[in-house]
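Me: Please take a close look at a single part of this protein and then set it against the chain as a whole. A formal, connected account would be welcome.

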Amino acid sequence: VLSADAAAEFMAMLERDFPTMVPLYAIALFAGIRPGENGELHKLARHENLRKPSKEAGGRPLFDLDRRVITIPPSIAKTGRKRVVPVADNLDAWLTTYSGPFLPVGFQAGLETIRKVCQLSHDVLRHSFISYRVTASGSKAKTALEAGNSEGVIDRHYLNLPSEAEAAAFWQIMPTGTR
């Protein structure tokens, strides 16, 4: 799990050095959507109508920033079950500030460079989201629903609880100019 300070430094580095990659990483870090080349995040990003009404989201966009939710339909979800992830205030700020495509041209090279430069371990952004979300919400059950896991999976693989102060700092990480 990234510390709140490390997460803030990571997002600041992306803004400075890889601004087109900010939306993708903001969603991974602050919504906990599964990354990976064939993960939910990439499947979502390749979806042709993220911001248009979708049958898979009950006639609403998969990325419904007006309602502040991201719908992961069964066709994309690892578990094959629909889930709805709330868009936190800081994620809303990141997606509003960096409104470009979630998978920019040449994104794969950017991913590889960022992973090497930052020495990111597999799923560290998702692990961070889940740990900070449990602390902030006070509920493993609620976090499990949002993350598409069971409470048991969270206990076994993700639970690394930060302090309440650190969780508050994590959810206050904002883009430059909105701080």
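Reply: D92 lies in helix α4, which covers residues 89–97; helices here are DSSP runs of H or I with at least four residues, strands are E runs of at least two, and both are numbered from the N terminus. The model is predicted: local features need pLDDT of at least 70, side-chain atom pairs count only at pLDDT 80 or more, and totals for chains, interfaces and linings use all residues. Residues are numbered from 1 along each chain as its sequence is written, and side-chain values use heavy atoms, with hydrogens and water left out.

Leaving aside residues up to four places away in sequence, D92 is in contact with L65, R68 and V87, a contact being heavy atoms within 4.5 Å. V69 is 23 residues from D92 along the chain, and the C-alpha atoms of the two are 9.7 Å apart.

Helix α4 belongs to a protein chain with nine helices and three strands, in the order α-α-α-β-β-β-α-α-α-α-α-α from the N terminus. Of the contacts between residues at least 6 apart in sequence, 63% join residues at least 24 apart.

The C-alpha trace spans about 40 × 35 × 30 Å along its principal axes. The radius of gyration of the protein chain is 15 Å, which agrees with the value near 16 Å for a compact globule of 179 residues; this radius is taken over C-alpha atoms, and the globule rule is 2.2 Å times the number of residues to the power 0.38. Of the 179 residues, 49% count as buried, that is, under 20% relative accessible area with a 1.4 Å probe, protein chains only.

Note on methods: Buried means under 20% relative accessible area, exposed over 50%, partly exposed in between (1.4 Å probe, protein chains only).
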